[in-house]
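Work through the exercises below with the sequence and the model side by side. Each task is followed by a solution that goes step by step.

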Amino acid sequence: MILVQKSNVLGALSSGLCLIHCVFTPFLFVAKSHSMACCSSTPSWWGIIDYLFLIISFYAIHISAKTTSKTWMKYALWFCWVLLFFIILNEHLSLIYLVEESIYIPSLSLVFLHIYNHKYCQCTNEKCCANN
């Protein structure tokens with residue numbers, strides 16, 4: 001399956017699109033507040049996109065972690081995903097105060113880690129995976 005072979009590309013793309021989504025959210029609210037003075041709530045479909053990116057990145061990290069040649073990469077990918085999940089969940093539930101920009105850290109980290117993993121940590125056979 002092509003998605004299994006390109007899980008790092010999928011992960012980097014998903015994390016990059018998530019980052020773009022996060023960057024443009026404030027602009028959406030500014031545009032909406034100027035066009036509608038009555039409501040400033042987030043459109044429901046906009047919030048659902050967060051979870052869509054989480055699902056796609058979960059799948060990409062699951063596959064990438066299985067096929068990486070570096071054990072530390074597996075832990076770094078999962079750590080960044082859990083951090084991203086927590087920040088998105090916190091944003092929707094307001095559990096603790098976090099600055100809006102905090103979401104950029106795990107998103108950028110996932111993009112970087114997927115690209116690095118794709119370039120430097122790929123197994124050539126099944127015996128090498130996650131042995132380092």
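**Exercise 1. Compare the span of α5 with its expected span, then do likewise for α4.**

Solution. Helices here are DSSP runs of H or I with at least four residues, strands are runs of E with at least two, and both are numbered from the N terminus. The expected span of a helix is 1.5 Å times one less than its number of residues, so the 17 residues of α5 should cover 24 Å, and the 24 Å between its end C-alpha atoms agrees with this. Turning to α4, its 23 residues reach 33 Å from the first C-alpha to the last, which is close to the 33 Å expected.

The model is a predicted one, in which local features need pLDDT of at least 70 and side-chain atom pairs count only at pLDDT 80 or more, while totals for chains, interfaces and linings use all residues. Residues are numbered from 1 along each chain as its sequence is written, and side-chain values use heavy atoms, with hydrogens and water left out.

**Exercise 2. Describe how α4 and α5 pack, and name the residues that make the contact.**

Solution. Two packed helices are described by the angle between their axes and the distance between the axes. Axes are lines fitted to C-alpha atoms, for helices over the stretch in contact, and the angles run from 0 to 180 degrees between N-to-C directions. For α4 and α5 the angle is about 155° and the axes lie 9 Å apart. That makes the two helices, α4 and α5, roughly antiparallel, a term for angles over 145 degrees, whereas those under 35 count as roughly parallel, 65 to 115 as roughly perpendicular and the rest as oblique. Contact means heavy atoms within 4.5 Å; on the α4 side it is made by W72, M73, A76, L77, C80, W81, L83, L84 and I87, and on the α5 side by P106, S107, S109, L110, L113, H114, Y116 and N117.

**Exercise 3. Is C80 buried or exposed, and which residues does C80 touch?**

Solution. First locate C80 in helix α4, which covers residues 71-93. Buried means under 20% relative accessible area, exposed over 50% and partly exposed in between, with a 1.4 Å probe and protein chains only. C80 has a relative accessibility of 9%, so C80 counts as buried. Leaving out residues up to four places away in sequence, C80 touches P106, S109, L110 and L113. The C-alpha atoms of C80 and S107 are 7.7 Å apart, although 27 residues separate the two along the chain.

**Exercise 4. How many residues does the largest nonpolar core have, and which element gives the most to this core?**

Solution. A nonpolar core is a set of buried Ala, Val, Leu, Ile, Met, Phe, Trp, Tyr and Cys residues joined through side-chain atoms within 4.5 Å. The largest has 17 residues, and L77, L84, I103, L110 and L113 have the most contacts inside it. Two or more residues come from each of α2 (7-35), α3 (44-67), α4 and α5 (104-120), and α4 gives the most, with eight. L84 touches L54, I103, P106, S107 and L110, again not counting residues up to four places away in sequence.

**Exercise 5. Which residue follows α4, and what is the sign of its phi?**

Solution. The residue after α4 is S94, with a positive phi near 55°. Most residues other than glycine have a negative phi. S94 lies in the loop between α4 and α5, and its relative accessible area of 60% means that S94 is exposed.
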